[in-house]
Every structure is written in structure tokens, then in C-alpha cells.
Protein chains: 2
Amino acid sequence: MLKIAGIMSGTSLDGIDVAIIETDRFESSKVEIIDYFQKEYPAEIRERIDKMINNRHLDAGMVLEEVASLNLKLGELYAEAVRTASSKAGLQLSELDLIGCHGQTVFHKPGGSKTVSLQLGSGSVIAERTGVDTITNFRLKDIAAGGEGAPLVPLIDFLLYRSSHSHRFLVNIGGIANYTWLPADCNRRDVRGSDTGPGNMMIDAGVQLLTDGKSNYDKDGAIASQGELDQILYDRLFKHEFFDRAYPRSTGRYDFGRQYTEKMVKEAYARGVKDIDIIRTLTEFTASSLVESFQEELASEEMITLKKSDCLEVIISGGGSHNTTLLELIEKEISERFHNYRTDLISLADKDYSQYDIPAIDADQKEAVAFALLARESIMKRQGNLPSVTGAKNPVITGDLTPGDTADFE
Amino acid sequence: MLKIAGIMSGTSLDGIDVAIIETDRFESSKVEIIDYFQKEYPAEIRERIDKMINNRHLDAGMVLEEVASLNLKLGELYAEAVRTASSKAGLQLSELDLIGCHGQTVFHKPGGSKTVSLQLGSGSVIAERTGVDTITNFRLKDIAAGGEGAPLVPLIDFLLYRSSHSHRFLVNIGGIANYTWLPADCNRRDVRGSDTGPGNMMIDAGVQLLTDGKSNYDKDGAIASQGELDQILYDRLFKHEFFDRAYPRSTGRYDFGRQYTEKMVKEAYARGVKDIDIIRTLTEFTASSLVESFQEELASEEMITLKKSDCLEVIISGGGSHNTTLLELIEKEISERFHNYRTDLISLADKDYSQYDIPAIDADQKEAVAFALLARESIMKRQGNLPSVTGAKNPVITGDLTPGDTADFE
């Protein structure tokens, strides 16, 4: 059995997620989470990253030094987070077999075979501090093979959640939302995935704007639950150029970030739309764009014909799975659009999903677990990407291995 | 036996050096160079790197994208250079066991345990294009262990050039000059190394300034051979703050680059010093600062007392070994300062050094060979740094391994 620490830092700059798992060496779904640990970035580091990725540096000369310096500094923070998580789990660092660290994305520009991406968080620093073999840079090999280097989680969704009898959409609602489509009894080539549009990104930005920064997000969807849909804003949002792009689609801050949200919110505000109605509408838009993408995916499926007796399960993870109103809206949309089928919505934020035939991984833990397992696939020299999802020309072994061994001194 | 390609790109932005060597798996000095290949950077790439490292970007937002983009692009160029070198050597890429790629340094700020460094040239791209296991990022593990990440070549000097009966200074004259000190019959802990000051950097910049860019360097030292020493300029140059720093010293463009050279040249020019005398003086200064550093090294040696019967060999590589006048001046300085000892100056630019007990590696090939051997040390999990030289707290296994294997597709 292998003990692996997986580390994830998202584009929302929340900080560092570490999951320590136990699993075997095979492509199995046998995963036990020994410990899970979330740590915010220190304010100064968050500010430095934010300044870099949002181009708030006035001096171009500073940027290069910041890239070099943050690469090392983030390595220190990741190593420290692994140390804390191990200690919480009652493990010595020497009991860990492997670390898989996604790193902090500071630049990502998808563009098919012209995709450019940069993650920081030096594997050398992590391996030297922990003494554990460390895998980093998971995205670049897929990009070298002509893919967009993202998403990578669908491979792990395939390993953990494929079912012989249910069709499944695995949905992650982070800043943006994306799905992995796993038809019943699928193999790797059948897996599809796409971004669907904003996840929490527009709702969060809307709440921040309308509360003058007093609230950062709509806790449990409480604001949205009180509002009503504004049809003009809703229709306007669907006119975004993103929805004309071919599948699979990629999106990010450049599409649905603060700037765009501010423009949309201001237009609605100028028409006298109430705050709660704006947040309600952003939430409905998020839910609808998500479920609509399922419909488009199924329409494009040549291989799979859903039978009425089949079960269609939607399994939701990520921060958005805590937004009750958003989940209710998604459930309503699903039952309306797929009324011919048996459907089921499973939120990994609920702790009582044990009735389903899925591993015990909570909504917040899923991405960190995924990078632990991607590290396992890397050292076992198995593929770490799904060309059907990333657009790569071929499967690749992803990641760079920095050895954690100490060198003997003569 | 192992076939390894070593790739080096220096800070002078000359381009890409590739050496393909054959060696065994042990820490031996058995190295055969199968092929060696030099390739200039395409003008557009050279310009992009130069713009980045010399802070000529007006838009800070561009720098981050350039770092991400050049990391991938340089990987492509390195892979292409390996392909060309293999083809010249009559080898299939699949016959290569390993690639060691230093990458292009775009930022390096030495500062003891606060050193920051960044090399570009994605191992993922090289490994994907060539199908060969690739080691990159050689400097960061030493930095993580509290070292300056440089110099790394002294370990390879130790493996290839240590002698049971001769004391040796291995000198590389690139843009800056540095030495590795290998006392007779030394072990790893006895090795010392330091930068000595400018190598070709000030001579090149002086020639470029005085010829309005028509010449880039003093070919064979022809200009310096006609001039005479200007004592005022010579003394002025030795007042540089670098010469007050403690050993081992690090230097670079920030000390002896174009800006500083221009200032020194202009002062001399204003006093009516002739062009050829300025170049002569820069060359004498380069030679003197180099040999003076040998004297300081020997004075600081507590372990070694040179006996008059001992042979002191100075083995010179790098572009500066082609500058005949510089070499004559170094030889004269050595015989004056070490007149009590048997001394020998060996230029690896001469092709007839076969009388000496050293491997057949030419002056220009040495650094690329070094990174091939550092890659060997990395996969064999042996130390890749010398703490006595870099200042690291402990020896480390250097480098990140990107597997070249193709992933099987289900």
C-alpha cells in the first residue's frame, strides 16, 4: 500500500488543500483518506500572488524576480502544509511514499495546441524539506502533447467513480464549474469533460460588489433564496461569447471574472433590479448553464443512447456544493430537462451519501485526492491525461519527479 | 554503458551546446564524447530572452506570459538540438538513455541561503518530443539546502580531473571566470571553487563599445597583443567592491556587465588612453584577477601545503581559452606568482593536450558534458552538489526527472 499526500491550490487563492491517502499501486478506486487539511495562504503571500496574476505590478523588472522567488516560497509553504497534515494524521514524514503537488497556477491561457501554462511551487524545495519523493508540473506534458493541460481530474473521476450500471456526471463547482461525463461501463476513451461556465465566480463577485466587500460569498445560498429571477439579466448573461464555443470548452477569470461581473451587475442595478434578485439571477444562470451543458453533452454522444430505465447520477463537489439554493436550482433544472429518466443529485458536501456506490471523499477533498492519485499514476508510469478531454494527441505520463532521498556524503 | 545528452545554455545567450557522451553508471571519469553540437538561438528567441532578463519590457503583464511561453518554447529548441546532435552522431533518439538540460537562466540572485534562481526550458516538452528521460532544474535542490545553487561544475571537475599527484585549478573563462581547486589526492570535502571576476565579459563589452558594435570580441586576443597597460585604469578596476567580498565569491553581469564596462572605458577614453591600450588593460585585469584568486585560495588552505616538488596545473576551458593574449598573460602571472613551484598551463582549446593525464574534452564541450554527468549522478541518486563550494548545508540529489516513456493507452 502507498501513503500519498496530494496538494492543491486553486485559482481562487484560498490557500492549500492537503489530503493524505492510502491506496494500492494499481488503478484501483481503493482510496482511504487518512487526513485532510486546509490552510489559508498567509495574507502577504496571497497578496503577492494576486498582484502577479492580476498584473498589478508597475515594475516589469519585479515580475521575473517574483516568479523565481514565489516558486521557492510556495515550495516552503507546501512542505510545511504536508508536515502539519502528517502530524495531524499521526504519521512521520518518512512514512509517506509520495507527494503530488499541483502548485499554484499563475498563468494559464488555453488555446488548443498553443496552450501556455505556468504553475509555481518548487518540487526541489518540497522534496528537500520533507525527504519525500515529489511530483510537480502535472500539466506541461499534456500541453507538450498538444493538449490544453486541463482538465486532469476527469482521469481520476474515471478511476474512482465509473459505474457499471449508472451514467454519471461528476461536477466540480469551484470558481468555474466543470463536469466529467462517465457513461455506464465506460472505458477511458468514452470519458468527456468540459467547463460549463462560472461556478462560484460570478455569485461571489456579485455578493462582494453589492455588500461593498462585507461578504465574500452567498453562504448556503441564503441571499439567492430570497430573490427572484430577472429575465433581462438572465438572457443577457447567456449571450456571452463562451456559449458559442465548441465543446469541450475552457473558461476562467478572463471570461467570467470580476470585471465582467461588475459590468453585468451595474447594468442590472441601473435598471433598478434589487440586490437579492441580482444574486438570484446569477445563481440561476450558474445552475442553468451547468445543466444545459449536460444536455449538450448527451446530444453529442454518438456512442451512448440513454434508456429510460438507466439511472443518470449527478455528483457534485467543490465549494459550490455548499450553496443549498444553487443545488436546489440544479436539481430542479435536471428534473425538468431529463424528466424522461431516473435522475439523482448527490452532493459530496452532504455527509450521508454512503447509500451510493461511491468512495468516501468529501466535496472539499476531491481535488487534493486527485493530485495524490495522479502522482501515483506518474510513478507507476501510467497515463495521467485523457486525450478525449484535454485534446492531447496521445496519452502521457505526467509530472516531474524530484527525489526525496538524501545523498550520502563521501 | 549509458548514452547521455547534456545541454547547456549560458548567460551570454550564445545559444545551445549539446554533448552526447558515453559513460558507465559509476562515478568514473570514463567519458567518451560521441558528438558535440553548437547551435545559436534563433534571433527572435535571443531577443525575447534578452528583453526579459534585461528588464526591457514596458508592460509588466507581458513578463509572466513570456516566462510561461519561453519555458515551453525553449523546451522545443532543446529537444530539436538533441535530435540534430543524435542524428549527426548516427544515433536514434531511442538509443539515448538520458538527457540532462541546464536550461536558460533568466534570473539568478546569489545571497547565501536567500539565493533565488530560475531556469527555463520545460523537461516535459523535451521528454515528450524525444521520448528520453530528462533531468532539469539542477540548481534548486542545492538552493533548498541553503546553497547558492552554483557552481555545480566543480563536482564534475572532481570526478573527471582529480589527480593523485598534481594539484589542479580547473578554470572556466566564460562571461565571468571561475575556478575549481582540486588538491592532489583530494576528496569531495577538499574541493573549493569561486568566481574570480570577469572572464570575457569586460573584454567583449570593451571591444563592442570601441568598435561601435562592428566587432563582438577580441579574436585570438589580437587587439590586446598590440596594446600597452594603462596603470590608472588597471588600478581603478581592482577597486571594484567584488574584490573585498569573502571567498567563495559570486559575480555576474550585475558587477562587471556592459554598464560598468562602459563607465570604465569612458573614463579612460576621456584621459586619452588609446583603444588598444584599453583592451590590453581589460585583458591584463582579467588575467591578474584570475591568478590572484589562485594565490588567495592557496593562502587560505589549511589542509594543503604545497611542496616545491609538487606540480601545480592550471587547466583552462571556456570561450576565453581561445584568447591567446589572455592565456599568455595568465601564464606569465602564474610563473611570476608561483615561481617556487613547477607549474603548467593547459588550455583545453589546444587539441594537443593528450600528453596530460586528463580526459579528451575540449574547451567548448566541458559544460555540456558536465550536465550530462550531473544527470547521471541524479538518476544514480548520488550527490549533485558540493556543499564546500555552494555553501549548502548538505549534499543533495539534484534535478527533476521527467519520464520519456510513452504511456500505454487502454
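## Domains of chain A

Domain bounds here come from an automatic or database domain assignment. On that basis, chain A has domain 1 (2-149 + 371-402) and domain 2 (164-356). Domain 1 of chain A is thus written as two stretches of sequence, 2-149 and 371-402. The model is predicted. Taken over C-alpha atoms, the centres of the two domains of chain A lie 26 Å apart.

## Where the two domains meet

Domain 1 of chain A brings 11 residues to the contact, and domain 2 of chain A brings nine residues. Together the two domains bury about 840 Å². Carbon and sulfur atoms give 46% of that area. Three residues stand out on the side of domain 1: A:Leu386, A:Ser388 and A:Val389. They supply 44% of the area that domain 1 of chain A buries against domain 2 of chain A, more than any other three residues.

The count of salt bridges between domain 1 and domain 2 of chain A is one. In chain A, the side chains of A:Arg188 and A:Glu27 form a salt bridge, with N to O at 2.2 Å. Five residue pairs are in polar contact between the two domains, both residues at pLDDT 80 or more. By class, the side of domain 1 that touches domain 2 has six polar, three nonpolar and two charged residues.

## Where the two chains meet

Next comes the interface between chains. Chain B gives 57 residues to the contact and chain A gives 56 residues. The size of an interface is often given as the accessible area lost when the parts come together. For chain B and chain A, the buried area is about 4900 Å². Of this, 62% is on carbon and sulfur atoms.

Four salt bridges are counted between the chains. A salt bridge joins the side chains of A:Lys381 and B:Asp405, at 3.0 Å from N to O. The interface also holds 13 residue pairs in polar contact, with both residues at pLDDT 80 or more.

## The side of chain B

Which elements of chain B each supply at least two residues of the side that touches chain A? The helices are α1 (43-53), α2 (60-88), α3 (123-130) and α4 (140-144). The strands are β4 (98-109), β5 (116-120) and β12 (400-402). The largest share comes from α2(B), with 10 residues.

By class, the residues on this side of chain B divide into 27 nonpolar, 16 polar and 14 charged.

Notes
Residues numbered from 1 in each chain as written. Chains lettered and ligands numbered in written order. Predicted model: local features only at pLDDT ≥ 70, side-chain atom pairs only at ≥ 80, totals over all residues. Heavy atoms only, no water. Contact = heavy atoms within 4.5 Å. Buried area = accessible area lost by both parts, 1.4 Å probe. Polar contact = N/O pair within 3.5 Å; in protein donor to acceptor, adjacent residues only side chain to side chain. Helix = DSSP H or I, 4+ residues; strand = E, 2+ residues; numbered from the N terminus. Nonpolar A, V, L, I, M, F, W, Y, C, P; charged D, E, K, R; others polar.
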